[in-house]
Amino acid sequence: MSDTVEAFHEEFFNEVRAHADAGGRFMETTFLEDYGEWLVNAGELDTFDVAQYATRTSNGAVLDRVDGYGGDPIESEGVLSLSIVDFSPDPVMASLTGSDVTSAFKKLDQFLRKAFESNFREQLEESSPGYGLAELIHARRTSITRIRLFLISNRNLSSKSKEIDVGSLGDIPVTYNVWDIGRLHRMVASGRGKEDIQIDFLEEFGQRLPCLPAHVGGDGYEAYLSVVPGGLLSRIYDKWGARLLESNVRSFLQARGGVNKGIRNTILNDPGMFFAYNNGVTATAEHVETVVENGTTYISHLTNLQIVNGGQTTASIFSAGKKDKAELGRIFVQMKLSVVDPDRALEVVPKISEFANSQNKVNAADFFANHPFHIRMEEFSRRIWAPAPDGSFKQSKWFYERARGSYDNARAYLTKAKKDAFDAEYPKVQRFAKTDLAKFEMVWEGCPDLVSKGAQKTFGEYAKLAGQRWDKDSDAINELYFRAAVAKAIVFRNLERLVSEQQWYQEEGGYRAQIVAYTIAKFDHLLKAKGLTLDFDAVWKEQAMPPVLARTLVKLAEVVRPAIVHPDSTVANISEWAKKSACWSRVQAIPFDLLDELDLVLLDPQAKKAVTKDAKAVQKMDNGIEAQARVLKLGPSMWSRAGSYAAQRKMLSPADHSLISLAARRAIPTEKQSLRLVEALAELESDGFTG
């Protein structure tokens, strides 16, 4: 990652230009999509849909404008998010002045106010993205509780620019957010792919939080107990929303911050007993500042607060206050707050979340960056060389980011020569993150409507699916699986480029992401109806789509498109229509004949079964070798301590004790014995053994 904002701008600008050229699209639209993806991954938006519309005067001056939105407000707790883009085509970074910011927000604000008027839509073409968005806003106007306006720019905000005060539309608060190239650079440079959550209680909420220290110095653990007023917790959630729940396993894998009816009823009908009935929240923070006044300790500042258990409690209090207008003065919530070192947050916070939620088992409970699924995928991506494409003699690898920003971090402090070598081994176009993998996989699972809902919702469902697969048979996550995942990435990204090149798309334009997702899902649906599957290894070996596959998918995309861009009578917004199962049902019903030449790139069930069986056998062998290497690396002294710990705790079977004694005597266990030793060690570690 570039050290200076100027270098980062140049790098990002060149990436956008490359993406635009490859897809045959305007740089401004590509920039908007790329930046929107960052905002989704950073937790600023649940989803991001492009919807570009502008009204111009006869001399070309823009009166009102919108470029994108953050999904249906009903699915975002009543929050409407609208975006306007400011893109400079100059490769040299330019300055974004205060007057530029004011002018842009004025145009976006004008569109917003018009959209609330019933007659505005009547002036628009029904096929216009502006019509669909205006229809959505008008239909949801009574459910909107907060409006967030975003200015997205590749210019650098001037230090002289002043913050814009919170505005209003009627009684709905309107906030203004500037995301310039400098802010994106700071977020990426942090290494976490998102901005820190900084809570100054006195400055932002007019009160500090009284607490009791719950730790004894010297053991490296810091914790506090507190009773949080319901109104304060609601205001904190109102400002940071689902970002507070990013490490909450259940909230992440299910509907984030869902409202619990029982909690809601207590708030409305028996608020005085809320503290007695509710279990409270478990939270973490990376840094806590406290002050002591008159013998009482107060929390004055928190960095990166995460509610790892109690997401429903928090969301229900917020909802009761906002939607039900409940009086929260008698609502108090107990909170256990653990302070976690930022360097260990990725490892520790998900575990706290898992154990805090252990009263109800969660599928794929710890499906975050440290889950063994992601670790194995990362290991594959670092050692498996992709075949050299035709006409090239250079092999390369596909870089899997199990933690966002790991690609940039890996090359950040390399010399120029080493950066060039890194880029040759891991080209930027061959990196993909967890959310990318989820998208590539879920279209082949018959879920294009889910994929159209955005990266976070798609990943939540994929996490459940992949976690279940891992629990059922971890050997199925093998090299064949990795190669197939890369092949799906190749198909998806190549189809994006091919769709952009088609005349029918260039004439009409828009909704490429939805067209690609539905086309691939429809293709797989047709194959499954015949008992067939794509030979993903053939795609892997070519590192490109075979020509017959490319021709088929392009033809199918043209057939699928009308079903997406012409919603039924119940939905006017095309992006929202693509998120519905009814859209997928319509696409599934479209007749389409597959080309006979496709047989060259298809597998029948018997062939697929044989390939899968062989891949599992290889993975089992690899697992044994890896376990044996780990046993030897840990050394006899560690195994001796493990044996003593197990004996004291009366844990493990006699056979396990014999194996541990074997390892403690420097003997070399077999691969099968090593696998059991690693499992036994995991049991001891879960009991508290630290080696």
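## Strands and pairing

Two strands count as paired if DSSP finds at least two bridges between them. With that in mind, welcome to this structure, which is a predicted model.

A good place to start is strand S10, residues 209–213. It pairs with strand S14 (residues 296–303) in the antiparallel sense, over three bridges. Look along S14 for the bridge partner of Pro210, and you will find Tyr298. S10 is also joined by three bridges to strand S11 (residues 222–229), and these two run antiparallel. Here Leu212 has Leu225 of S11 as its bridge partner.

## The chain as a whole

Now step back for an overview. The chain holds 29 helices and 20 strands. It has 691 residues, and 53% of them count as buried. The accessible surface amounts to about 31900 Å², with 50% of that belonging to carbon and sulfur atoms.

How do contacts spread along the sequence? Among contacts with a separation of 6 or more, 72% are between residues 24 or more positions apart.

## A six-stranded sheet

Next, find the open sheet of six strands, whose order is S1-S2-S3-S5-S8-S7 and whose pairing is mixed. Strands S1 (49–56) and S7 (167–169) stand at its edges; each has a single partner strand, so one side of each is left without a neighbour in the sheet. From one strand to the next, the twist averages 30 degrees.

Within this sheet, S5 (residues 146–153) and S8 (residues 172–179) run parallel and are joined by six bridges. To see one position in this pair, look for Leu149, which stands opposite Tyr176 in S8.

## Helices on the sheet

Which strands does helix H3 lie across? Helix H3, residues 98–115, lies across S1, S2 (62–69), S3 (79–86), S5, S7 and S8. Its direction is at about 80 degrees to S2.

Helix H4 (residues 129–139) packs on the sheet too, where it touches S1, S2 and S3. The direction of H4 makes about 105 degrees with that of S1.

## A nonpolar patch on the surface

Finally, turn to the surface. Val227, Phe275 and Phe332 make a nonpolar patch there of about 240 Å². Phe275 belongs to helix H10, which covers residues 274–277.

Is Phe275 buried or exposed? The relative accessible area of Phe275 is 39%. Buried means under 20% and exposed means over 50%, so Phe275 falls in between and is partly exposed.

Conventions
Residues are numbered from 1 along each chain as its sequence is written. This is a predicted model: local features need pLDDT of at least 70, side-chain atom pairs count only at pLDDT 80 or more; totals for chains, interfaces and linings use all residues. Side-chain values use heavy atoms; hydrogens and water are left out. Helices (H or I, at least four residues) and strands (E, at least two) are DSSP runs, numbered from the N terminus. Axes are lines fitted to C-alpha atoms, for helices over the stretch in contact, and angles run from 0 to 180 degrees between N-to-C directions. Contact means heavy atoms within 4.5 Å. Patches are made of residues with over 30% relative accessible area and no salt bridge: like charges are joined within 9 Å, nonpolar side chains (Val, Leu, Ile, Met, Phe, Trp, Tyr) within 5 Å. Accessible areas come from the Shrake-Rupley method with a 1.4 Å probe; for residues, only the protein chains shown count as cover. A salt bridge is a side-chain nitrogen of Lys or Arg within 4 Å of a carboxyl oxygen of Asp or Glu. Buried means under 20% relative accessible area, exposed over 50%, partly exposed in between (1.4 Å probe, protein chains only).
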